[in-house]
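The following paragraphs lead the reader through a structure, from its aromatic contacts to its helix packing and its loops. Please keep the sequence and the coordinates at hand while reading.

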Amino acid sequence: MTREGAALIRFKRVAQVIVQQIQEVLNARVFVVDDRAIVVVSTENEAVGHCFDAPSNLRLPLQVGYQRGELILGHLESDEISLRLMQVLVELVIAQAMSISDQPFQPELKNKFIHDLLRSASRNESEVLREAQILGLDFTRPRAVILIDAAEYLLSCPTKPFEMLDAQTQRRIQVIIESIVKFFHLPNDTICAYIGGSEIAVLKASSTQDLKAWADQKDPAGNPSWANLAALKRASTALLNQLRSQTGTNLSIGIGRYHPGIQGLARSYQDAQAALSLGHHFSGENQVYCLDDLGVAAFVGISDESTKIDLAKHLLSPLDQEPELIDTLEVFFTENCYPSSTAGKLSIHRNTLSYRLDKITSLTGLNPRLFDDAIQIRLALLLRSFVDSHSESLAVRDRKLGICTIPERTNSLHLVQMPNVFSL
């Protein structure tokens, strides 16, 4: 790409942010033209690509890097705002956008932006979206975090920012990122960044359409936070194989669930980081890890109680419409997993019990006859039972006090305080 072409692309990115902000503030018709008076960005799509020729209230010069142009406000019917105040507002919007665009557009700028985004769940969403637009990052699509640990390939876990790393490490990081972009085919489908240490984060578009190439008709739907994980795991496994083949070293991948909103990306990163850390500790390298595949380790190794509740509900969700199977499990565990006494307590034949346990295995992928799987199911039942009973106690209390509450559908424990009995 020529310098002029790159300058025009950057000019358009900044212009898009400015036009959007001005339109929101003034509800005006806004046009940005290049040095030939051709409209490149506008609130009126049909004007783009044509020479500007219409009445206007305000015209201000706009320069981004080497590219010059002009910002134009179309004629306003309303006199509610003075021309001088309008100019001040527009100049403020331009100054804000330019303060970001004046920084050099280099990999470290994007790396820092994504690093800060993933490490902080409290950033202002509109501010994040403005910066993302200027950097050309698309956050309009749902995304989940794929976290790659490439310590062996990078030869260390560097603690310096990207721009301060030695040339060999920088090049190796770039090799991985280029391989990721090539693997997913569309650069605008995948946002990749080196975020320090040995970690490279991929903010993968995670809708059903985006993961169609790795989807299977048998994949469960369920809770949006866990939906499409099966396809994401297949994509990550194929990506891991490609990266290992290309680098000739051991690598590992952690997958985070999708969480809505910009702040949800930080939660997805926390999921991926926890899965990667626990996976390394219990299973070694060269694997793809996700919380719902880590077994008992996920319950004992995660400190966040709301994530444990989410995981418990997810594991048991295939049984939501099977109360008979839930009752069977409860009795099975009460009877210390002895089939004879369980069948006696339930007043059923042992073959019927065997059929029910097989059905549970088929629906959940967990076999209650196996020790590790039985512990997962047991812990999930206990966690779900604790939350349900606590919610019922609160409801009874509120009824006695004459308090009318609107139940919220949430997996968060902001309203439920649980003892951290399943943490290491």
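Two rings of Phe, Tyr or Trp, with the six-membered ring taken for Trp, are counted as a pair if their centres lie within 6.5 Å; planes over 60 degrees apart make the pair edge-to-face. The model discussed here is predicted, and the structure holds six aromatic pairs. One of these pairs is formed by Phe 184 and Trp 214, with 5.7 Å from centre to centre and 80° between the planes. Because that angle is over 60 degrees, the pair is classed as edge-to-face. The two residues come from distant parts of the chain, 30 residues apart. Phe 184 belongs to the loop between α6 (167–183) and β6 (190–194), whereas Trp 214 belongs to the loop between β7 (199–205) and α7 (229–247).

Are the two partners buried or exposed? Phe 184 has a relative accessible area of 4% and is therefore buried, the cut-off being under 20%. Trp 214, with a relative accessible area of 18%, is buried as well. Phe 183 joins Phe 184 and Trp 214 in one aromatic cluster.

The ring of Phe 184 also has a charged neighbour: the charged end of Lys 204 sits over this ring, 5.0 Å from its centre. Another arrangement of a charge and a ring involves Arg 172, which lies over the face of Tyr 153 at 4.8 Å from the ring centre.

The next topic is the chain as a whole. The protein chain contains 14 helices and nine strands. Of its 424 residues, 44% are buried. Among contacts in the protein chain with a separation of 6 or more, 61% are between residues 24 or more positions apart.

Helix packing comes next. Two packed helices are described by the distance between their axes and the angle between them. How do the axes of α11 and α13 cross, and within what distance do they come? The axes of helix α11 (residues 323–334) and α13 come within 10 Å and cross at roughly 110°. Angles of 65 to 115 degrees count as roughly perpendicular, and α11 and α13 are therefore roughly perpendicular to each other. On the α11 side, the contact is made by Glu 324, Leu 325, Thr 328, Leu 329 and Phe 332. On the α13 side, Leu 353, Arg 356, Leu 357, Lys 359, Ile 360 and Leu 363 take part. Sorted by class, the contact of α11 with α13 has seven nonpolar, one polar and three charged residues.

Helix α13 (residues 350–364) also meets helix α12 (residues 339–346), and their axes come within 9 Å and cross at roughly 100°. This crossing makes α12 roughly perpendicular to α13. From α12, Pro 339, Ser 340, Thr 342, Ala 343 and Leu 346 make the contact, and from α13, Arg 350, Leu 353 and Arg 356. The classes in the contact of α12 with α13 are four nonpolar, two polar and two charged residues. Leu 353 and Arg 356 of α13 are listed in the contact with α11 and also in the contact with α12.

The loop between α11 and α12 holds Asn 336. Asn 336 has a positive phi of about 55° although it is not a glycine. With a relative accessible area of 57%, Asn 336 is exposed. A positive phi, of about 50°, is also found at Asn 27, which is not a glycine either. Asn 27 is placed in the loop between α1 (3–26) and β1 (30–34), and its relative accessible area of 61% makes it exposed.

Helix α1 also contains Arg 13. At 25% relative accessibility, Arg 13 counts as partly exposed. Along the chain, Arg 13 and Val 41 are 28 residues apart, and their C-alpha atoms are separated by 9.1 Å.

The last region to consider is helix α4 (residues 125–134), in which the buried residues are Val 128, Arg 130, Glu 131, Ala 132 and Ile 134. Just after α4, Gly 136 takes a positive phi of about 75°. The loop between α4 and β5 (143–149) is the place of Thr 140. Thr 140 has a relative accessible area of 71% and is exposed. From C-alpha to C-alpha, Thr 140 and Ala 205 are 9.5 Å apart in space, with their positions 65 residues apart in sequence.

How values were computed. Residues are numbered from 1 along each chain as its sequence is written. This is a predicted model: local features need pLDDT of at least 70, side-chain atom pairs count only at pLDDT 80 or more; totals for chains, interfaces and linings use all residues. Side-chain values use heavy atoms; hydrogens and water are left out. Rings of Phe, Tyr and Trp (its six-membered ring) pair if their centres lie within 6.5 Å; planes under 30 degrees apart count as stacked, over 60 as edge-to-face and the rest as tilted. Helices (H or I, at least four residues) and strands (E, at least two) are DSSP runs, numbered from the N terminus. Buried means under 20% relative accessible area, exposed over 50%, partly exposed in between (1.4 Å probe, protein chains only). A charge sits over a ring if NZ of Lys or CZ of Arg is within 6 Å of the ring centre and within 35 degrees of the ring normal. Axes are lines fitted to C-alpha atoms, for helices over the stretch in contact, and angles run from 0 to 180 degrees between N-to-C directions. Angles under 35 degrees count as roughly parallel, over 145 as roughly antiparallel, 65 to 115 as roughly perpendicular and the rest as oblique. Contact means heavy atoms within 4.5 Å. Ala, Val, Leu, Ile, Met, Phe, Trp, Tyr, Cys and Pro count as nonpolar, Asp, Glu, Lys and Arg as charged, and the others, Gly among them, as polar.
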